[in-house]
Amino acid sequence: MTQSRSYWLRVAGAALAFVILVTIVNVASHGAFLQPSNLVRVLRQITYNCLLGVGQTFVIVTAGIDLSVGSLVALTGVVGARFANSLPFGGFPLIAATLIVTVAVGAAAGWINALPVVKLNLPPFITTLAMLEMALGASFILSHGRPVALQSSDFQNTGIGSFLGGVTSALHLPNIPVPVVWMVAIIVLASVLLTRTRFGRYVFAIGGNEEAARLAGINVARVKTLVYVISGSCAAIVGFLYMALFSSGSPQTGTGDELLESIAAVVVGGTSLMGGRGSIVGTFFGALLIGVLYNAMNLLNVDSYLQKVVLGAVILLAVILDELRKRYIAKT
């Protein structure tokens, strides 16, 4: 079986399973699930984990992992809030400058994550776990353990505003939250970067066989450094969006289930934890599937602890199906 045929069979199977799930959920919720306002709510809920998953996808395709993304969300949110409060101007320049500084902090943390991996060949699990603790500690030090409230209201539209609100209202459609627009734009950019550029091909080559990639002349250290920088930058964008949403930067933001759910979105979306295979679009659908499950369980008043059990079962099922698929392909 060719890889192309295998890919499209996997996509068709996932799409069919998703349609069946949505149909069951909609019937069980007496039509509440497919209400346009609820669908927009689902998209908004998955935005932050999906963006973390986008950065995580680059890392996992190289057979790595980034455990620090949740703490980087907290750190960049706190740094962004403190930086915004120190500026004497407002409006778009304030938002742009804060975004640039926030992303720079996330990218720098990603670069630091990559240094021990590419220079000392240390496991990404260890280096990013260390960054998890350092970033979390730094966020508490900078904020003195309390949320840093934004003094400017210029970030409200970024956090809770809607895109083309007047047009959607005139058409009697639900407003599209601004963070959802950010998610779509970053998914498109990341997908093009991973599938349509030489850098993306190098990422897959390193994940498939790092030594072969090195012998083929690929600068493995540079590519692996960039994937951690991308992951840190995506975490920083989430930190910026959370800061705008809550009008503050909090050291506790992003330190809940965000890390596990971002990895779950990547795995459920078909990216192999062994590296060499994955897609940004798959990560989006993985995040969407998890969001649909949570939304459906909320509509059906399922106990919150049982929801975590269901999520764990879905992740385990995704890994088992991936393993069975690989064995099937190996036999054909």
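Colleague: How many aromatic pairs does a search of the whole structure find?

Modeller: This is a predicted model, in which local features need pLDDT of at least 70 and side-chain atom pairs count only at pLDDT 80 or more, while totals for chains, interfaces and linings use all residues. Residues are numbered from 1 along each chain as its sequence is written, and side-chain values use heavy atoms, with hydrogens and water left out. Rings of Phe, Tyr and Trp (its six-membered ring) pair if their centres lie within 6.5 Å, and planes under 30 degrees apart count as stacked, over 60 as edge-to-face and the rest as tilted. Searched in this way, the whole structure yields aromatic pairs numbering six.

Colleague: What is the angle between the planes of Y48 and Y242?

Modeller: Y48 and Y242 form a stacked pair, 4.4 Å centre to centre, with 15° between the planes. The pair links distant parts of the chain, 194 residues apart, with Y48 in helix α2 (residues 36–61) and Y242 in helix α11 (residues 220–246); helices (H or I, at least four residues) and strands (E, at least two) are DSSP runs, numbered from the N terminus. The angle asked for is therefore 15°.

Colleague: Is Y48 buried or exposed?

Modeller: Buried means under 20% relative accessible area, exposed over 50%, and partly exposed in between, with a 1.4 Å probe and protein chains only. Y242, the ring partner of Y48, has 12% relative accessibility and counts as buried. Because the relative accessibility of Y48 is 6%, Y48 counts as buried.

Colleague: Why is the pair of W182 and F240 classed as it is, and in which class does it fall?

Modeller: The pair links distant parts of the chain, W182 in helix α8 (residues 178–195) and F240 in helix α11, 58 residues apart. W182 is partly exposed at a relative accessible area of 23%, whereas F240 is buried at 0%. The ring centres of W182 and F240 lie 5.9 Å apart and their planes stand at 40°, so the pair is tilted.

Colleague: Which residue do ring pairs link into a cluster with Y48 and Y242?

Modeller: Y48 and Y242 are themselves an aromatic pair. Ring pairs link these two into a cluster with F246.

Colleague: With which residues is N26 in contact, leaving aside its neighbours within four places in sequence?

Modeller: N26 lies in helix α1 (residues 3–28) and, at 16% relative accessibility, counts as buried. Contact here means heavy atoms within 4.5 Å. With those sequence neighbours left aside, the residues in contact with N26 are G31, A32, F33 and L34.
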